[in-house]
Amino acid sequence: MPLDIAVLISGTGSNLMAIQGAIEAGACDARIAAVISDRPAAPGLAYAESRGLSTAVVRPRAFPDRPTWDGALADAVAACDPAVIVLAGFMRIVGPGFVRRFPGRIINVHPALLPAFPGTDGPAQAIAAGVRISGCTVHVVDEGVDTGPIVAQAAVPVLQADDAESLHARIQRAEHRLLPAVIHGVARGDIGLGERPHVRTASEDDACLLSPPLSDGT
Ligand code: GRF
């Protein structure tokens with residue numbers, strides 16, 4: 001039976017599109033139960049509607065304070081009863097009330113190899129630090145910022161001519177493979193979330209899946 005997921009977005013939704021694309025291609029055994037955004041203008045919402053996915057918007061400004069918004073967001077997620085909640089470009093920090101309501105069931109994709117470069121500008125931090133390899137991380141969300149247990153990572157090269165934008169674009173291509181692969185792994189029971197996520201790596205091929213080589217020449 002497919003894994004029911006809720007996908008939370010704030011913007012373009014390219015990771016949402018990658019997940020839905022993998023589902024439609026039969027490569028990700030999941031079902032998107034709802035797409036939820038904090039921004040009504042998020043372009044990813046229009047994509048979700050075009051695919052017939054159910055959507056909801058929970059705007060912070062509609063609530064008197066952060067904890068109340070956080071509670072309403074958690075209620076919107078709980079209403080679709082997902083097994084796993086995927087933060088896919090959700091640009092707000094979910095509060096402790098939210099995290100405690102879905103322990104070990106929330107994952108986030110971050111555009112850096114954590115624990116390096118947490119926060120909002122991972123690619124720019126990587127450029128400023130002069131690292132030669134960066135990438136993306138899928139981690140379980142805890143009450144800190146990008147501090148939760150790491151589930152999977154994919155590495156990409158940082159090229160001499162890169163700026164934050166070109167590096168982020170390369171990292172996103174890796175995200176678009178890694179995130180659906182992780183969701184599929186959870187659906188199959190090959191990846192366990194929680195305090196100490198486990199990835200059952202049976203062969204080198206599986207390891208490649210979790211650090212996908214770039215096939216587009218970059
Ligand atoms: C991704 O790079 C993700 O790592 C970061 O925000 C970006 C969202 O992109 N958290 P998109 O909305 O999925 O296109």
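In this predicted model, Ala-6 sits opposite Ile-85, a residue of strand S4. The two strands involved, S1 (residues 3–9) and S4, run parallel and are joined by 4 bridges. On its way onward from S4, the chain passes through helix H4 (residues 96–101) to reach S5, and this β-α-β crossover is right-handed. S4 and S5 (residues 106–110) are paired as well, again in the parallel sense, with 3 bridges between them. Within that pairing, Val-86 faces Ile-107 of S5 as its opposite number.

How is strand S4 (residues 84–87) covered on its faces? Side chains in a regular strand take turns between the two faces of the sheet. In S4, Val-84 and Val-86 are on one side, Ile-85 and Leu-87 are on the other, and these residues are all buried. So both faces of this strand are covered.

On to the other partner of S1. Strands S1 and S2 run parallel too, with 7 bridges joining them. Here Leu-8 is found opposite Ile-36 of S2. The two strands and helix H1 (residues 14–24) together make a right-handed β-α-β unit. S2 goes on to pair with strand S3 (residues 55–57), in parallel and through 3 bridges. One of the residues involved is Ser-37, whose bridge partner in S3 is Val-57. From S2 the chain crosses through helix H2 (residues 43–50) to S3, and this β-α-β crossover is right-handed.

S2 (residues 30–37) is mostly covered, with 7 of its 8 residues buried. Ser-37 belongs to this strand and counts as buried because its relative accessible area is 0%. What does the side chain of Ser-37 reach? One target is the backbone oxygen of Ile-9, at 3.0 Å; another is the backbone nitrogen of Arg-39, at 2.9 Å. Back in S1, Ile-5 also has a relative accessible area of 0%, so Ile-5 is buried. Ile-5 and Ala-34 are 29 residues apart along the chain, yet their C-alpha atoms are separated by 7.3 Å.

Next comes the ligand. The residues around the ligand include Thr-12, Gly-13, Ser-14 and Asn-15, along with Gly-89, Met-91, Val-109, His-110 and Pro-111. His-168, Gln-172 and Glu-175 are also among them. Which atoms lie beside the oxygen atoms of the ligand? For Gly-13, a polar backbone atom is 2.9 Å from a ligand oxygen. For Ser-14, a polar side-chain atom does the job of coming within reach, at 2.5 Å from an oxygen atom of the ligand. His-168 likewise has a polar side-chain atom there, at 2.7 Å from a ligand oxygen.

Helix H6 is worth a quick length check. With 25 residues (164–188) and 1.5 Å a residue, H6 should span 36 Å; the C-alpha atoms at its ends are 35 Å apart, so the two values agree. H6 does have a kink of about 25°, centred on Glu-175, and Glu-175 is one of the residues surrounding the ligand. Residues three or four places apart in an α-helix point the same way, because there are 3.6 residues a turn. Right after H6 comes Gly-189, with a positive phi of about 85°. Asp-190 is in the loop between H6 and strand S8 (191–192). At a relative accessible area of 18%, Asp-190 is buried, because the cut-off is under 20%. The side chain of Asp-190 makes a polar contact of 2.6 Å with the side chain of Arg-188.

A few backbone oddities round things off. Most residues other than glycine have a negative phi, and most peptide bonds are trans. Asp-81 has a positive phi, near 50°, and is placed in the loop between helix H3 (66–79) and S4. Is Asp-81 buried or exposed? With a relative accessible area of 59%, Asp-81 is exposed. Asp-146 has a positive phi as well, near 60°, and is located in the loop between strands S6 (133–140) and S7 (150–157). Asp-146, however, counts as buried, because its relative accessibility is 15%. Finally, the peptide bond from Leu-114 to Pro-115 is cis, with omega near 10°. Pro-115 lies in the loop between S5 and helix H5 (122–129).

Note on methods: Residues numbered from 1 in each chain as written. Predicted model: local features only at pLDDT ≥ 70, side-chain atom pairs only at ≥ 80, totals over all residues. Heavy atoms only, no water. Expected span 1.5 Å × (residues − 1). Bend = angle between axes of the 7 residues up to and from the residue. Buried < 20%, exposed > 50% of the residue type's maximum accessible area, 1.4 Å probe, protein only. Pairing = 2+ DSSP bridges. Right-handed = clockwise from strand over helix to strand, strands pointing away. Near = heavy atom within 4 Å. Polar contact = N/O pair within 3.5 Å; in protein donor to acceptor, adjacent residues only side chain to side chain.
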